[in-house]
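Here are a few exercises to work through with the model open beside you. Try each task before you read its solution.

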Amino acid sequence: MTPLITARDLRVSFDLPAQGLFQKPRQLHAVGGVDFTLMPGETLGIVGESGSGKSTLARALIGLVPATGEAVWQDGTNLIGLSPRRMLKYRSEIQMVFQDPLASLDPRMTVGQIIAEPLLTHHRLPRDQVRTRVKDMMDRVGLLPNQINRYPHEFSGGQCQRIGIARALIVQPKLVICDEPVSALDVSIQAQVINLLADLQRDLGLALIFIAHDLSVVKHISHRVLVMYLGRVMELAQAEALYADPRHPYTQALLSAVPIPYPQLERQKRIIPLRGELPSPMNPPSGCVFRTRCPRAQDLCAAQRPALSGQPHQVACHFPGALRPEELAQAG
Ligand SMILES: Nc1ncnc2c1ncn2[C@@H]1O[C@H](COP(=O)(O)OP(=O)(O)OP(=O)(O)O)[C@@H](O)[C@H]1O
Ligand SMILES: [Mg+2]
């Protein structure tokens, strides 16, 4: 099967203005050479700390930020660097759902107008057909179709996110990129929205990119998980393999911080602390970008950047594998 997207050496840099009179303009490497594939109907979880480049990566795929490298769509077209006119076709195939449900909905438009908008942009359909499709979609995402003339502020956060999901799905995209779709919602509502997305993904055969801070959020919805750090892929594997046998020390540290729902196990668990601060993406460490915080770093890690290797469990580390007890003792 041909992947829906094949990303190769995808990079995004931002030019920042000089701060002081005598300083040069600086470059910030938000995404520093990312490779991945996404199969049709697959859910890829993307996880990493704030500033690791998750949103920028997503925005690069739909042409919202200038990027270099390749993101080849299944028809062979490289989406990177497409003109806005040629991108339009793919903008209906790739839809986004954003983090802040209310802020991403226009307060002056009714729910019906909001959900219909992508349909009107990308397709010419008679009014009554648009109305029927909007109502069907509202029903599909768990909204009451008779609320079609209400305004976003009349809905709860979880319902607003359902509106955002309906708007994304109305044009029958092949890929929906969800950028922290539940981070702004109450914990009790988060699972409902995640389950809705999982159901829709299965029923409609969609591919999903599901971005989150936290490995626990993407665990049950993802087929594969990609762990990012400072704009680079640290580890990419099948979800079961990644959670059962994380190979990168960064993934191990992230996983060790996820609470275990069994008190006895929770008390026994060792949290692997990350040393120091997140380095600035303006001045990333040489070699492996994670080395300044890694309990396992050696000279080689400063000298040489580890390639992402292994198949199907990919890891970018010179010394991958489970942390040994003495390393754990050192860490914590
Ligand atoms: N338009 C921009 N101009 C300059 N720098 C930017 C811009 N957008 C993002 N950045 C920088 O790029 C880096 C990656 O940001 P990005 O928003 O992609 O991270 P993220 O992983 O989505 O973080 P979060 O979890 O907080 O959403 C950060 O250092 C950020 O400050
Ligand atoms: Mg983000």
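Contact here means heavy atoms within 4.5 Å. Keep in mind that the model is predicted.

**Exercise 1. Find what the buried residues of α5 pack against.**

Step 1: Locate the helix. α5 runs over residues 157-169, and its 13 residues reach 18 Å from the first C-alpha to the last, close to the 18 Å expected at 1.5 Å a residue.

Step 2: Sort its residues by burial, taking buried as under 20% relative accessible area. On that cut-off 11 of the 13 are buried, and α5 is mostly covered. Among them are Gly158, Cys160, Gln161, Arg162 and Arg167.

Step 3: Look for the partners. The buried residues of α5 pack against two strands, β5 (94-97) and β6 (175-179), and against the helices α3 (111-122), α4 (127-140) and α6 (187-204).

**Exercise 2. Trace the nonpolar core around Ile165.**

Step 1: Start from the burial list of α5, which includes Ile165.

Step 2: Place Ile165 in its core. The largest nonpolar core has 61 residues, and Ile165 is one of those with the most contacts inside it, along with Phe210, Leu215 and Val225.

Step 3: List the neighbours. Leaving out residues up to four places away in sequence, Ile165 touches Val97, Val141, Val193, Leu196, Leu197 and Leu200.

Step 4: Check for another core. There is a second, separate one of 36 residues, which includes Ala7, Leu57, Ile94 and Ile177.

**Exercise 3. Describe the backbone at Asp9, Leu230 and Pro312.**

Step 1: Recall the usual case. Most residues other than glycine have a negative phi, and most peptide bonds are trans.

Step 2: Take Asp9. Its phi is positive, about 50°, although Asp9 is not a glycine. Asp9 sits in strand β1, residues 5-16, and is partly exposed at 36% relative accessible area.

Step 3: Take Leu230. Here too phi is positive, about 45°, and the residue is not a glycine. Leu230 belongs to the loop between β8 (224-229) and β9 (232-238). With a relative accessibility of 8%, Leu230 counts as buried.

Step 4: Take Pro312. The peptide bond that leads from Gln311 to Pro312 is cis, with omega near 0°. You will find Pro312 in the loop between α11 (299-303) and β10 (314-315).

**Exercise 4. Is Asp186 buried or exposed, and how many Å lie between its C-alpha and that of Ala168?**

Step 1: Find Asp186 in the loop between β6 and α6.

Step 2: Read its accessibility. The relative accessible area of Asp186 is 55%, so Asp186 is exposed, the cut-off being over 50%.

Step 3: Compare with Ala168, a buried residue of α5. The two are 18 residues apart in sequence, and their C-alpha atoms are 22 Å apart in space.

**Exercise 5. Work out which residues and elements surround ligand 1.**

Step 1: Gather the shell. It has 15 residues, and the closest are Ser50, Gly51, Lys54, Ser55 and Thr56.

Step 2: Pick out polar contacts to oxygen atoms of the ligand. An N or O atom in the side chain of Ser50 lies 2.5 Å from one, a polar backbone atom of Gly53 lies 3.0 Å from one, and a polar side-chain atom of His213 lies 3.1 Å from one.

Step 3: Estimate the cover. On its own, ligand 1 has 630 Å² of accessible area, and the protein covers 64% of this.

Step 4: Assign elements. Those that give two or more residues to the shell are β1, β2 (26-38) and α1 (54-61). α1 gives the most, with three residues.

Conventions. Residues are numbered from 1 along each chain as its sequence is written. Chains are lettered from A and ligands numbered from 1 in the order in which they are written. This is a predicted model: local features need pLDDT of at least 70, side-chain atom pairs count only at pLDDT 80 or more; totals for chains, interfaces and linings use all residues. Side-chain values use heavy atoms; hydrogens and water are left out. A nonpolar core is a set of buried Ala, Val, Leu, Ile, Met, Phe, Trp, Tyr and Cys residues joined through side-chain atoms within 4.5 Å. Buried means under 20% relative accessible area, exposed over 50%, partly exposed in between (1.4 Å probe, protein chains only). Helices (H or I, at least four residues) and strands (E, at least two) are DSSP runs, numbered from the N terminus. The expected span of a helix is 1.5 Å times one less than its number of residues. A residue is near a molecule or strand if one of its heavy atoms lies within 4 Å of it. A polar contact is a pair of N or O atoms within 3.5 Å; within protein, one must be able to donate a hydrogen and the other to accept it, and residues adjacent in sequence count only if both atoms are side-chain atoms. Accessible areas come from the Shrake-Rupley method with a 1.4 Å probe; for residues, only the protein chains shown count as cover.
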